[in-house]
Amino acid sequence: MPGNLTFTDLKSKVADGSIDTVLACIVDMQGRLMGKRFTGSHFAASAWEETHCCNYLLATDLEMETPEGYAATSWRAGYGDYMMKPDLATLRLVPWLAGTAMVLCDLRDHHDQGDIEHSPRAILKRQIARAQALGLTPMMATELEFFLFQGDYNALRNSGYRDLKPYSPYNLDYNMLATTKEEHVMRPIRNHLVAAGVPVENSKGEAEAGQEELNIRYAEALDCADNHVIAKQAIKEIAWQQGVSATFLPKWRDDAVGSAAHVHLSLWAGKDPAFYDKDGAHGMSSTMRAFCAGMLKYAADVTVFLAPYVNSYKRFAKGTFAPTKIAWSVDNRTAGFRLCGEGSKAVRMECRIPGSDMNPYLAEAALLAAGLKGIEERLSLGDPVGGDLYDDTTVPEIPRSLAAATERLRASTMLREAFGDWTVDHYTRAAEVEQEAFDAAITDWEIARGFEKA
Ligand code: ADP
């Protein structure tokens, strides 16, 4: 059970008053938790079976605008309801909020109760089922990088996000003094998450002022994505409780390193690592080689799901530890894909393309779809590349902009087969909406550049 609270235990905690609130949450397109706060008594009596939400939750942007162009819902269709079906296996305590538990919900059609095809949890579940049909269980880990800033969200918003001050004023990569100064935020994050059933391994300072990373033990792919969104929520809420702000915006300054959410992937056959072959080069099995060849071949097709906003593409910058090239390496951090655990049962591929703003369900599903296609096509993997890949012109680039990545998504036969046209069209529209919003904005940069000099 990925959660840490049975429904029976919840009912007795509600009865003895130690739990009075249950958060019923769905995951939206942006990977955010959205839902309702139930009284414990009402959840235990009836809402545990089902509750409802407006179906615009899978058709809004970050600002909750209602853009045109989605087949799934619209003003014309009247923005009806989805059913929220609690997945009771995810029931857990939320120790950073008093008297609170949480459950993740799947989205179902209000009328025929079928899965909502374009909901992030359903998309990932379908790709996991594809792997399972081959006798393979995908195991994944996502590394959460983020920045801590002085001042809470309201203070920073009220200042117009001017003169932002990273909590630690210097690069705190592995730095034990600087991270001690952030322990009033990071220690409750680690400990509360563990108490919520999220198996945190560690946190560490990262390679930029104010930047932290949280590592969670790898898990089955759905649990990994659930852990990611719960951890992200905890980080933001606990930071807020401590009077500081956490941001998962990947790039907040052009001269600062950005935040990533690297994804580690491996496939297992029961208890055996299907990626491992002690006689294979680097300990890689033929299954791993074909899967990785698929991820490389289709990396541009899936980039929108790894880098969903205009800002995401600013992270892909030379000399910043963020990749710019689609290639694989043996433990080389300048490549989009890095082999880890070489020659051991822990052999796995780390995809370094995803930014901290990715939706983990969509990113994992897209990488799985690409890798499984590689197995189906029996692709062969070329040799690893080495050296400084930023200057290597012999390997392909990661799409340079959201607009370029959107066109790759729209044209992707692989993703249309794996996700279905309905879902690909839906997320293509979501990416267009982001680009349209950016294109309509007049930025500070344009004014400063052109006001006098144009
Ligand atoms: P590094 O710090 O070099 O990136 P870590 O040893 O901290 O590597 O591992 C990074 C992540 O990889 C952790 O979250 C860990 O749980 C995960 N991981 C370890 N083994 C596997 C595996 N076989 N498959 C997927 N993820 C794994």
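These questions and replies cover the ligand site and one loop residue.

This is a predicted model, in which local features need pLDDT of at least 70, side-chain atom pairs count only at pLDDT 80 or more, and totals for chains, interfaces and linings use all residues. Residues are numbered from 1 along each chain as its sequence is written, and side-chain values use heavy atoms, with hydrogens and water left out.

Me: Why is Thr320 called buried?
Reply: Buried means under 20% relative accessible area (1.4 Å probe, protein chains only). Thr320 has 10% relative accessibility, so Thr320 counts as buried.

Me: Where does Thr320 lie?
Reply: Thr320 is in the loop between α9 (299-306) and β14 (328-330). Helices (H or I, at least four residues) and strands (E, at least two) are DSSP runs, numbered from the N terminus.

Me: What lies 2.7 Å from a polar atom of the Thr320 side chain?
Reply: The backbone oxygen of Ala317.

Me: What makes the pair of Ile216 and the ligand a polar contact?
Reply: A polar contact is a pair of N or O atoms within 3.5 Å. A polar backbone atom of Ile216 is 2.8 Å from a ligand oxygen, so the pair qualifies.

Me: Which ligand atom lies 2.7 Å from the side chain of Ser266?
Reply: A nitrogen atom, paired with an N or O atom of Ser266.

Me: Which strands each supply at least two residues of the shell around the ligand?
Reply: β7 (137-150) and β12 (263-269).

Me: Which residues come nearest to the ligand?
Reply: Glu143, Glu201, Ile216, Tyr218 and Ser266, of the 14 around the ligand.

Technical notes:
A residue is near a molecule or strand if one of its heavy atoms lies within 4 Å of it. A polar contact is a pair of N or O atoms within 3.5 Å; within protein, one must be able to donate a hydrogen and the other to accept it, and residues adjacent in sequence count only if both atoms are side-chain atoms. Buried means under 20% relative accessible area, exposed over 50%, partly exposed in between (1.4 Å probe, protein chains only).
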